[in-house]
Amino acid sequence: MSVLLQEDHGNGVRLLRLNRPDALNALNLPMRQALAEAFAALATDTSVRCVVLTGSAKAFAAGADVKLMAQASPMEMQRLNLHRYWRAIAEFPKPIIAAVNGFALGGGCELAMHADVIIAGEGAKFGQPEVKLGIMPGAGGTQRLLRLVGSKRALRLLLTGEMIGAQEAYLWGLVSQVVPDEEVLPTALGMAERIARFSTNAVAHIKETVLLGQDMPLDAALTLERRAFNMLFDTHDQREGMAAFLENRKPSFTGE
Ligand code: CAA
């Protein structure tokens, strides 16, 4: 059985499901490879407009597979070059929605933070417990978390290794929405379907502008926004979206 299952939900929505239930979806090499390959392929698959990434009821992912690195030397870690597997996810140009039930810890929390929207079940738990293993996060767990929740909250999680629940994660801004556990996947799929109906150009530019802009000085980020905004006036979908509004009908976006 594959460590990563793919389901086509139609209407431009693809579901990726982490599938190592016996190891709480810990990220081993095959899982990392499968994720990287899937995201690289979906990036250019025009039938896919939004991706939902999920795990099991007990765990989204309980982190890097500790067995993979327990005996590793620095050179072995360098040769493993785990960073290359993250790149396809970090650079994925279409929206990713993480549907999180259960544990999202260490690399699992980092994986969730790669998503653009995080829908969490009430029982979900988030944390960066690397400090308990004598290491630290290595895939954005210090930097993405810092930018999402601020240094005082990030350092509380990073220095203690303790977990927080979904409600706290929501109040901190780590999570987009909290729903009852059994509604996590339907909520994420429903949202993905709504996003997939919009103009792919508008959606891609919104994602890119937010992700690039957050690390720029405000003036440069606003220039980036203005350029992207102006460029969308060169699309069929802009004409269609505005015409449909004025004619009081539903728009039909083609991605052109
Ligand atoms: N790596 C490898 N195996 C893991 C794992 C991990 N990160 N997390 C869980 N598992 C395995 C357990 O070893 C166990 O396997 P066996 O049944 O063969 O013993 C199985 O999953 C079930 O786990 P538990 O019995 O521990 O389940 P639990 O409900 O008692 O506890 C838990 C759940 C609190 C999440 C606990 O499993 C845990 O603390 N896991 C480790 C979390 C962690 O430290 N993550 C960070 C890893 S380092 C990292 O992520 C850094 C990086 O990116 C570079």
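Biologist: What volume does the second largest pocket have in this predicted model?
Modeller: About 560 Å³ of space lies in the second largest pocket.

Biologist: What makes a residue part of its lining?
Modeller: A lining residue has an atom within 4 Å of a grid point. For the second largest pocket, 24 residues line the space. Nearest its centre lie Ala64, Met69, Glu130, Ile135 and Met136.

Biologist: Which elements give two or more residues to that lining?
Modeller: Helix H2 (66–69), H4 and H5 do.

Biologist: How many residues of that lining are nonpolar?
Modeller: The count is 15 nonpolar, beside five polar and four charged residues. Met counts as nonpolar and Glu as charged. So Met69 and Met136 belong to the nonpolar class, and Glu130 to the charged class.

Biologist: Now the largest pocket. What is its volume?
Modeller: About 920 Å³. Its lining has 32 residues, and the closest to the centre are Ala115, Asp116, Lys207, Val210 and Leu211.

Biologist: Why is Lys207 called charged and Val210 nonpolar?
Modeller: Because Lys is on the charged list and Val on the nonpolar list. The whole lining of the largest pocket divides into 20 nonpolar, five polar and seven charged residues.

Biologist: Which element supplies the largest share of that lining?
Modeller: H10, with eight residues. Helix H10 spans 200–213. Other elements that supply at least two residues include helix H4 (83–90), helix H5 (107–114) and strand E7 (117–121).

Biologist: How do you know that two domains take part?
Modeller: The lining of the largest pocket draws at least three residues from each of domain 1 (4–196) and domain 2 (200–246).

Terms used: Residues are numbered from 1 along each chain as its sequence is written. This is a predicted model: local features need pLDDT of at least 70, side-chain atom pairs count only at pLDDT 80 or more; totals for chains, interfaces and linings use all residues. Side-chain values use heavy atoms; hydrogens and water are left out. On a 1 Å grid over the protein atoms alone, a cavity is a set of points where a 1.4 Å probe fits but cannot get out, and a pocket is an open set with protein on both sides within 12 Å along at least five of seven lines; lining residues have an atom within 4 Å of a point. Grid points are joined across faces, edges and corners, and a volume is the space filled by probe spheres set on the points. Helices (H or I, at least four residues) and strands (E, at least two) are DSSP runs, numbered from the N terminus. Domain bounds come from an automatic or database domain assignment.
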